[in-house]
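Open the model in your viewer and keep the sequence panel visible. This tour goes from selection to selection and says what is at each stop.

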Amino acid sequence: MAAYSIPEIKKRIGDFPRKNLIHLPTPLQKLENLSQELGGPEIYIKRDDMTGLAFGGNKSRKLEFIIQDVLDKKADAIITWASLQSNWCLQTSAAARKFGIKPILLLFKTYDLPEEYDGNLLLDYILDADVIIKEAKKGKSVRINDILDILEAVEKEVKEWGYSPYVAPIGGSMVGGSMEKPLGAISYVNAFVELMEQAGELDFEINYVLHASGSGGTQSGLVVGAKALKGDIKVLGISVSDDKESYGKEVLTLVQDTVEALKLELAVEEENVIIFDEYIGQGYGIINKDVSEALRLVSIREGIFLDPVYTGKAMAALIDLIKKGYFKKEDKIVFFHTGGTPALFPNKQHLVNFLKK
Ligand SMILES: *Cc1c(COP(=O)(O)O)cnc(C)c1O
């Protein structure tokens, strides 16, 4: 039972202004060959890697709202943080530059990635973003507590340079810093609406949406959209870094913030936040043979490249869940391609090692 209609949800999202930065709607395509090869449910792909901003990805949907917020707050610099090869930081830098905002990035080296100009770090360099690199503990993902001190010092310095900075939370997800509303999650409620409109045009009923989940904005938005519009679609988040207990709590909080921001009356329960944490492997950004093979399979069968840190892990999870009989043969699954392909390049050696015959 749908609690709200599409126009009602659109109207509420419309209360949050945004800058037009990307190409929407992103394509929804059927993966005929892959579905056939895996012999299970019908798999569709939502091409959020084709948003068109700086190699595409889910962060650019979020940034349409966040850049507007930066401009509304009369900020002229944006400070944010994430891992060394962060898609979020690249997309933020590109969006910021387009609007004359100075990008300042705090990047954490989370594991054995070389600090060379490759992948997103190269693109950050081309964009002439201010980059500060810090070494994080091995195997740990970046959390706000690790960076609060550094962030404060950076903010102070940027103000001394004469800028008025906007502090954007990692991934554009959790409410915090200068972002008072869950703008990232709201952009993914919008993505869910978009998906429903496309599915309506193609006249099919979706059973599952599956995606890589990292800082929670994507999952929270999709969960709220599903709950508001189509109570029977299950959203499956494949965690790329955190265990499902602690991460599930964060996502649920963000879901509640999003429900509140959109003034919805919805009871979203713990059971609506479905997270798998068994596909993380050895940690955030560390790839393995399953991920490498999932990437190769999709490239060979569909001519589509996934990324090694997020969508490759999510695809490895989808393949495994199909093998384990998690889905019914007649189920229809939408896999969100959330972008991230520049990270293929700094991972070249690992990929080649896993894929060589
Ligand atoms: C950030 C990111 C995700 C995860 O999205 P969150 O909203 O942070 O959970 C998934 N895929 C890619 C490619 C990303 O860059």
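**The two domains**

Begin by colouring the chain by domain: residues 6-57 together with 182-355 form domain 1, and residues 60-172 form domain 2, according to the domain assignment. Keep in mind that this is a predicted model. The C-alpha centres of the two domains are 23 Å apart. On the domain 1 side 44 residues take part in the contact, and on the domain 2 side 36 residues do. Between them, domain 1 and domain 2 bury about 3,200 Å², with 59% of that area on carbon and sulfur atoms. Now select Lys19, Leu21 and Leu183 in domain 1; these lose the most area to domain 2, and together they make up 19% of what that side buries.

**Ile67 in helix α3**

Next, select Ile67, which sits in helix α3. Is Ile67 buried or exposed? Its relative accessibility is 0%, so Ile67 counts as buried. Show the residues around it: beyond its neighbours up to four places away in sequence, Ile67 touches Lys19, Leu21, Ala95, Ala96, Phe99 and Ile101. Lys19 and Leu21 are two of the residues you selected at the domain contact. For a sense of scale, draw a distance from Ile67 to Asn347: the two are 280 residues apart in sequence, and their C-alpha atoms are 30 Å apart.

**Gly172, at the end of domain 2**

Move to Gly172, the last residue of the 60-172 range of domain 2. Gly172 is in the loop that runs between β6 (165-167) and α7 (183-202). Because its relative accessibility is 0%, Gly172 counts as buried. Which residues does Gly172 touch, not counting those up to four places away in sequence? They are Lys62, Ile66, Trp88, Met179 and Gly184. Another distance to draw is from Gly172 to Asn353: these residues are 181 places apart along the chain, with 33 Å between their C-alpha atoms.

**Helix α5**

Select residues 119-126, which make up helix α5. Its buried residues are Gly119, Asn120, Leu121, Leu123 and Asp124. Then show what covers these buried residues: α4 (87-98), β4 (102-109) and β5 (130-135) are among the elements that do. After α5 comes Asp128, which has a positive phi, near 55°.

**Backbone angles to check**

Most residues other than glycine have a negative phi, and most peptide bonds are trans. The next stops depart from that pattern.

- Select Ala54, in the loop between β2 (42-47) and α3 (58-72). The phi of Ala54 is positive, near 40°. With a relative accessibility of 24%, Ala54 counts as partly exposed.
- Select Lys263, in the loop between α9 (244-261) and β9 (274-276). Lys263 is not a glycine, yet its phi is positive, about 55°. Lys263 counts as exposed because its relative accessibility is 65%.
- Select Leu24 and Pro25, which are joined by a cis peptide bond with an omega of about -5°. Pro25 is in the loop between α1 (6-14) and β1 (28-30).

**The largest pocket**

Turn on a surface view and find the largest pocket, which has a volume of about 370 Å³. It is lined by 20 residues, and Lys289, Asp290, Glu293, Ala294 and Ile319 are the closest to its centre. Which helix supplies the largest share of the lining? That is α10, with seven residues. To see where at least two lining residues each come from, select α10 (289-302), α11 (311-323) and α12 (348-355). Sorted by class, the lining has nine nonpolar, two polar and nine charged residues.

**Thr341**

For the last stop, select Thr341, in the loop between β10 (332-337) and α12. Thr341 has a relative accessibility of 18%, and the cut-off for buried is under 20%, so Thr341 counts as buried. Apart from neighbours within four places in sequence, Thr341 is in contact with Phe305, Leu306 and Asp307.

Terms used: Residues are numbered from 1 along each chain as its sequence is written. This is a predicted model: local features need pLDDT of at least 70, side-chain atom pairs count only at pLDDT 80 or more; totals for chains, interfaces and linings use all residues. Side-chain values use heavy atoms; hydrogens and water are left out. Helices (H or I, at least four residues) and strands (E, at least two) are DSSP runs, numbered from the N terminus. Buried means under 20% relative accessible area, exposed over 50%, partly exposed in between (1.4 Å probe, protein chains only). Contact means heavy atoms within 4.5 Å. On a 1 Å grid over the protein atoms alone, a cavity is a set of points where a 1.4 Å probe fits but cannot get out, and a pocket is an open set with protein on both sides within 12 Å along at least five of seven lines; lining residues have an atom within 4 Å of a point. Grid points are joined across faces, edges and corners, and a volume is the space filled by probe spheres set on the points. Ala, Val, Leu, Ile, Met, Phe, Trp, Tyr, Cys and Pro count as nonpolar, Asp, Glu, Lys and Arg as charged, and the others, Gly among them, as polar. Domain bounds come from an automatic or database domain assignment. Buried area is the accessible area (1.4 Å probe) that two parts lose on being put together, summed over both.
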